[in-house]
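Could you take a look at this one with me? I've jotted down some notes to read alongside the picture.

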Amino acid sequence: MASTASGSLALSLSLVVISMAFLLKVEGQNLATDNVSVVEGETATISCRVKNNDESVIQLLNPNRQTIYFRDVRPLKDSRFQLVNFSDNELRVSLSNVSLSDEGRYVCQLYTDPPQEAYADITVLVPPGNPIIESRDDVVSEGNETELTCTAMGSKPAASIRWMKGEIELRGETTVEETYDRMFTVISRVRLSVSKEDDGVPVDCIIDHPAANDLLAQRNLEVLYKPEVKIVVTYPEGLTREGDNLDLTCIAEGKPHPHQINWLRVDEDVPPHAVVTGSDLYIENLNKSFNGTYRCVASNAVGEAYDDYILYVYDAPTTIPTPTTNPVNTQDSRAGEGAPPKIDHAVIGGVVAVVMFAILCALIVLGRYFARHKGTYFTHEAKGADDAADADTAIINAEGGHNNTDEKKEYYI
């Protein structure tokens, strides 16, 4: 019993050692490959790679386990498979003109004991056809809603659809339908309200798919909108005064183009002699009775709009006589218009000189007058004093006596 148990233990240990040695050998011969994605009609390449190969045989099998290549020999009679490289460490094979039927799991096999296998999945990509964009409405009026539909057909995998209006991204509703041949059809719808600013703006349906680039469909919005109206004063350029003429032009733009333009005066009648010619209103010889609000109304199939002009007639300008000027100084006077008046210092100096001369003459006359009267007083006071015998006689003679025959006179020059 003891010997039997010892023999079983030894056998078990031997098996473990052999298994570990085999596993170490297999792990040393790692087999690897990669999955491949390829667009339908293009070429796929499958690579079976071995690390530390001990001259074991490498072969490639198709999804039906049929041998495509055994070492460098191709048993399968499909000329689309071609050997790209064969060595102890790699078997590389190309498959041209790939179709959906080629999709599946390919097997890289290394002849060891037991054999090792690695799997390469080939995925065939089918790009969608050109997208189709449709609009529920050919034209739409401003403020209303429209719907656009974009369809991407026959793709694998299913495509994704994005919407752009100008530089703005829109959010659509998408549905995906799978067809019998494992292909997909994607339909996306977007709804949007439009304004007059959207007229002519492009809406893009953009397709995102791994097998296609730059796939899009575009449609320009066509929006109808009511007119935009603006009144322009053609004449006069400044204030409107009595006696002037008035010329107004009504500019109206819309889609469709306005088919009718009317002039009216708010709450009153248009002056009887006013002339309306198309979009122009002409009134001559203005007066204050024409004051009021004049309105231009334009309409099209979408609606109507208007613009107002408020007329206020000012008094006619007062005429001021033009002062006469010296022809020689006309240019100087024009050059000085609007500037402060210049002071003529020569004139002022002349006036001052005349005034001073008059004052000087007056002072001289007054001086001579006062001097003459003063000399006569002293002369009369001394009359008879020289011939008098004493003071009393001199006083009597000075007070008007006429006994002295010699009269004394003095003259001033």
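Here are my points on the disulfides, the cores and the cavity.

1. Before anything else, keep in mind that this is a predicted model. Everything below is computed from it.

2. Let's start with the sulfur links. Searching the whole structure turns up 3 disulfides. If you number the bonded cysteines in sequence order, they pair up as 1-2, 3-4, 5-6.

3. Cys48 is bonded to Cys108, with an S to S distance of 1.8 Å. Cys48 sits in strand β3 and Cys108 in strand β8, so-called distant parts of the chain that are 60 residues apart. The link between Cys48 and Cys108 is left-handed, with -70° about the S-S bond. Cys48 counts as buried because its relative accessibility is 0%, and Cys108 is buried at 0% too.

4. Next up is Cys150 with Cys205, at 1.7 Å from S to S. Here the torsion about the S-S bond is about -75°, so this disulfide is left-handed. Cys150 belongs to strand β12 and Cys205 to strand β17, so the bond ties together parts 55 residues apart in sequence. Are these two buried or exposed? Cys150 is buried, with 0% relative accessible area, and Cys205 is buried with 0%.

5. The remaining pair is Cys250 and Cys296, with 1.8 Å between the sulfurs. Its torsion is about -80°, so it is left-handed. The bond runs from strand β20 (Cys250) to strand β24 (Cys296), 46 residues apart. Both cysteines are buried. For contrast, have a look at Cys361: it counts as partly exposed because its relative accessibility is 32%, and the buried class stops under 20%.

6. Now the greasy parts. The largest nonpolar core has 26 residues, and Leu60, Phe81, Leu91, Tyr106 and Ile122 touch the most other members. Strands giving two or more residues to this core include β3 (44-50), β8 (104-110) and β9 (116-125). Try clicking on Leu91: leaving out residues up to four places away in sequence, its contacts include Ile46, Cys48, Leu60, Tyr69 and Phe86.

7. There is also a second, separate core of 21 residues, with Ala152, Ile161, Leu192 and Leu215 among them.

8. Finally, how many cavities of 30 Å³ or more are there? The count is 1, and its volume is about 60 Å³. Its lining includes Ser135, Asp137, Val140, Leu148 and Arg219. Strands β12 (145-155) and β18 (212-220) are the elements that each give two or more residues to that lining. By class, the lining has 4 nonpolar, 3 polar and 4 charged residues.

Methods: Residues are numbered from 1 along each chain as its sequence is written. This is a predicted model: local features need pLDDT of at least 70, side-chain atom pairs count only at pLDDT 80 or more; totals for chains, interfaces and linings use all residues. Side-chain values use heavy atoms; hydrogens and water are left out. On a 1 Å grid over the protein atoms alone, a cavity is a set of points where a 1.4 Å probe fits but cannot get out, and a pocket is an open set with protein on both sides within 12 Å along at least five of seven lines; lining residues have an atom within 4 Å of a point. Grid points are joined across faces, edges and corners, and a volume is the space filled by probe spheres set on the points. Helices (H or I, at least four residues) and strands (E, at least two) are DSSP runs, numbered from the N terminus. Ala, Val, Leu, Ile, Met, Phe, Trp, Tyr, Cys and Pro count as nonpolar, Asp, Glu, Lys and Arg as charged, and the others, Gly among them, as polar. A nonpolar core is a set of buried Ala, Val, Leu, Ile, Met, Phe, Trp, Tyr and Cys residues joined through side-chain atoms within 4.5 Å. Buried means under 20% relative accessible area, exposed over 50%, partly exposed in between (1.4 Å probe, protein chains only). Contact means heavy atoms within 4.5 Å. A disulfide is a pair of cysteine sulfur atoms within 2.5 Å.
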